[in-house]
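Visitor: I'd like a close look at the salt bridges in this one, please. Could you walk me through the charged pairs and then set them in the rest of the chain?

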Amino acid sequence: MVRSYTRLMSDPQLLPRAVDTTRQRYPHCVVWTPLPLLSWLFPLIGHTGICSTDGVIHDFAGPYTVSVDNMAFGNPTKYWQLDLSKVKDMEWDRAVQEASEIYRGRMHNLCCDNCHSHVAMALNLMSYDGRNNWNMVHIALFLIPHSSFTGFGGFVKTYLPFVILLTIILVVSFVF
């Protein structure tokens, strides 16, 4: 179903909603949170989810498990709010729900079929931005320049463990 900008403006249900970090509501967003240990070493690697238009997070949390409104590795620290006018084929919430149903039947694989793949599936189902070739690499790369931190705490939660580990490594290498 193709939506025009004028239809978005005339239908209040389709208007973008504001992010509410205190209530953990991220309408039509891709959200990101650090993975313990892995993100401490590589702060650009983390866990993603995709949110419905009312801001509820859906994330592929593990084998045959899609968490709803309870992100597997803690609250998001970054989010990328997407433009509803770029949805081409399937209604946003239906695509998020269908991707979640598909991933409830899949085995989780850290390298090949993971939370980023779940997000990509939802974007492919809705043909977001006219594309049907979203994949986990695209999601990771698009999050880098397009995401915003949820606040100063989100920034700290993302980078402080890496800075602490880097400091320890540097101190140990210069002292010993």
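Guide: Here is the tour, starting with the charged pairs and moving out from there. Keep in mind that this is a predicted model.

A search of the whole structure turns up 4 salt bridges. Let's take three pairs in turn.

Start with D69 and R25, whose closest N and O atoms sit 2.7 Å apart in a salt bridge. D69 belongs to the loop between β4 (65–68) and β5 (78–81), while R25 belongs to the loop between α1 (5–10) and β1 (29–34), so this pair ties together parts that are 44 residues apart in sequence. As for cover, R25 has a relative accessible area of 17%, so it falls under the 20% cut-off and counts as buried. Its partner D69 is partly exposed, at 40%.

Next come D20 and R23, whose side chains meet in a salt bridge with an N to O distance of 3.6 Å. Here the arginine is the exposed partner: R23 has 55% relative accessibility, so it lands over the 50% cut-off. D20 is partly exposed, with a relative accessible area of 23%.

The third pair is D113 with R106, a salt bridge at 3.3 Å, again N to O. This time the acid is the buried partner, since D113 comes in at 17% relative accessibility. R106 is partly exposed, at 28%.

Now zoom out to charge across the chain. The protein chain carries 13 positive and 13 negative side chains, and the centres of those two sets lie 3 Å apart.

What about the fold that holds these pairs? The protein chain has 6 helices and 6 strands. Reading from the N terminus, the order of elements is α-β-α-β-β-β-β-α-α-α-β-α. The radius of gyration is 17 Å, close to the 16 Å that the globule rule gives for 176 residues, so the chain is as compact as a globular protein of that length. If you're thinking about a box, the C-alpha atoms fill one of roughly 65 × 35 × 25 Å along the principal axes.

On packing, buried residues make up 42% of the 176 residues. Of the contacts with a separation of 6 or more, 63% are accounted for by residues 24 or more positions apart. The chain exposes about 9200 Å², and carbon and sulfur atoms supply 64% of that area.

Since you'll probably check backbone torsions too, two residues are worth a stop. Y64 has a positive phi of about 60° although it is not a glycine. You'll find Y64 in the loop between β3 (57–62) and β4, and it is partly exposed, with a relative accessible area of 49%. D129 is another residue other than glycine with a positive phi, near 60°. D129 sits in the loop between α4 (115–125) and α5, and is partly exposed at 39%.

One last stop is I144, which is found in helix α5 (residues 136–146). I144 is partly exposed, with a relative accessible area of 45%. From C-alpha to C-alpha, I144 and V19 are 19 Å apart in space, and they are 125 residues apart in sequence.

Notes
Residues numbered from 1 in each chain as written. Predicted model: local features only at pLDDT ≥ 70, side-chain atom pairs only at ≥ 80, totals over all residues. Heavy atoms only, no water. Helix = DSSP H or I, 4+ residues; strand = E, 2+ residues; numbered from the N terminus. Rg over C-alpha atoms; globule rule 2.2 N^0.38 Å. Buried < 20%, exposed > 50% of the residue type's maximum accessible area, 1.4 Å probe, protein only. Contact = heavy atoms within 4.5 Å. Areas by Shrake-Rupley, 256 points an atom, 1.4 Å probe, with all protein chains shown as cover. Lys, Arg positive; Asp, Glu negative; His and termini not counted. Charge placed at Lys NZ, Arg CZ, Asp CG, Glu CD.
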